[in-house]
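Please find below some notes on the fold, set out as numbered points. They go through the sheets, the helices, the core and two loop residues.

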Amino acid sequence: MLKKNVIVKFILAILLIMAIIAISDTRVSAAFRFAMTADTKDDDCSMSGNVGVNPYLDEMVRDMKTLGAQVFLCGGDLVHGGTGGPHGSSQTAQFAKWNELTSAFDGARYMVPGNRDIRPLVCPRSVWQSAFSYLPDNGPAGEQGLNYYVDFGNTRIIASCDQWDTNPDGSTTWPTNQTWVNKDWLEEILTQTENEGFEHIFVLGHTPGHAGDFHRLVAHGVDAYFCGDLHSYVVSRPEGDNTTLQAIVGTGGYRSGSGFLLVEVDGPMVTAKYYKDLNGDGYFLDVADSFVITVPEPTTLTLLSITSVSIFLRRRRQKHN
Ligand SMILES: [Ca+2]
């Protein structure tokens, strides 16, 4: 009789596990992929005819599309910048070149400015906003293309500007860049996003640490913060395990070191791969790194299942003892 009970319990446990697997499968929606890089400028100014932009940017964009990226994020310093600078071309011409080289994305491009893109008096925000008038205007008044958000299914991407042409009070300090975050708006949109129940939140900025406001992203459970500024590739969790991941991908501007992230959101799971042209064949399709951004939180059913199976096994062990 006892033996029969054990068999019945075992079968029930197996059925429960199978049911949980079936439920998990139905939660998996079509994967959403986006590519991200930053600092796509021609940094050493040695590449003629490209007016301040990495001339290989179109090849990178081509490969992002090949890999199935539906969206392209750029974390600032799109161009070298500066009227009368080494390139002798205007900020407007450099932005136009950037748009041309990335046009294959048909408008699904979302960017924030870096210190090369907006500069007090020299490169006012109006030049950026005119060149990228296709960027959303759902943030604070006067901040079209600087602070905004876009939604893709269970995911919200928030563009949070940290480079300005003025101080927060509107004053200007020639010609030093003003590095700050519109904290009131960021707090408001993060709170709203949490309340609306988005499964994943990503924030795009320019500077590592988001101008000293990184703790806010952690506090609101942001999955990852993407940025550049440093011309390197560094992935970390600055505030510890199970907190917001920071990916510095300031490698959009050099042929030898150029690379981009491809992030895949598949239901509750978020993973990323870093692509470069490692074998020098002209295609940025070689995986140089890969990591997990977010893993699913255990559901109540999963926890119940684990608990019931462990109780069952413990009872079995007790009987054998
Ligand atoms: Ca290659």
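**Notes on the predicted model**

1. Strands β7 and β9 (residues 245–249) run parallel and are joined by four bridges. In this pair, Tyr225 stands opposite Gln246 in β9. The coordinates come from a predicted model, and this holds for every point that follows.

2. On its other side, β7 has a second partner. Three bridges join β7 to β6, and these two strands also run parallel. Here Val203 stands opposite Tyr225. The connection from β6 to β7 passes through helix α6 (residues 214–219), and this β-α-β crossover is right-handed.

3. Is strand β7 (residues 224–227) covered on one face or on both? Both faces are covered: Ala224 and Phe226 are buried on one side, and Tyr225 and Cys227 are buried on the other. In a regular strand the side chains alternate between the two faces of the sheet.

4. These strands belong to an open sheet of six, in the order β4-β5-β6-β7-β9-β8, with mixed pairing. Its edge strands are β4 (147–152) and β8 (233–236), each of which pairs on one side only. From one strand to the next the twist averages 15°.

5. Further along the sheet, β5 (residues 155–160) and β6 (residues 200–204) run parallel and are joined by five bridges. Ile157 stands opposite Phe202 in β6. Helix α5 (residues 183–195) packs on the sheet and touches β4, β5 and β6. The direction of α5 makes about 180° with that of β5.

6. There is another open sheet of six strands, with the order β3-β2-β1-β10-β11-β12 and mixed pairing. At its edges stand β3 (109–111) and β12 (286–294); each has a single partner strand, so one side of each is left without a neighbour in the sheet. Direction ignored, neighbouring strands of this sheet are turned by 20° against each other on average.

7. Within that sheet, seven bridges join β11 (residues 269–276) to β12, and the two strands run antiparallel. One of the paired positions is Ala272, whose bridge partner in β12 is Phe291.

8. Which residues of helix α3 (residues 91–101) are buried? They are Gln91, Gln94, Phe95, Lys97, Trp98 and Leu101. Seen down the axis of α3, these buried residues fall within an arc of 155°, so they line one face of the helix. An α-helix has 3.6 residues a turn, so residues three or four places apart point the same way. The cover over the buried residues of α3 includes α2 (57–66) and α4 (125–131). Note that Gln91, Gln94 and Lys97 are on the buried list alongside Phe95, Trp98 and Leu101.

9. The largest nonpolar core has 72 residues, of which Phe226, Phe260 and Leu261 touch the most other members. Strand β10 (residues 259–266) gives the most to this core, with five residues. Leaving aside residues up to four places away in sequence, Phe226 touches Met36, Leu73, Gly75, Phe202, Leu204, Ala247 and Val249. Among these, Phe202 was met above as the residue opposite Ile157.

10. Two residues other than glycine deserve a look at their backbone angles. His210 has a phi near 50°, a positive value, and its place is in the loop between β6 and α6. Asn242 has a positive phi of about 60° and sits in the loop between β8 and β9.

11. Are these two residues buried or exposed? His210 has 24 other C-beta atoms within 10 Å, and the cut-off for a buried residue is 20 or more, so His210 is buried. Asn242 has 9 C-beta neighbours inside 10 Å, and the cut-off for an exposed residue is 12 or fewer, so Asn242 counts as exposed.

12. Some totals for the protein chain close the note. The secondary structure comes to seven helices and twelve strands. Of the 321 residues, 40% count as buried. Among contacts with a separation of 6 or more, 63% are between residues 24 or more positions apart.

Technical notes:
Residues numbered from 1 in each chain as written. Predicted model: local features only at pLDDT ≥ 70, side-chain atom pairs only at ≥ 80, totals over all residues. Pairing = 2+ DSSP bridges. Axes fitted to C-alpha atoms, helices over the stretch in contact; angles between N-to-C directions. Contact = placed C-beta atoms within 7 Å. Arc of directions from axis to C-beta. Core = buried A, V, L, I, M, F, W, Y, C linked by C-beta atoms within 7 Å. Right-handed = clockwise from strand over helix to strand, strands pointing away.
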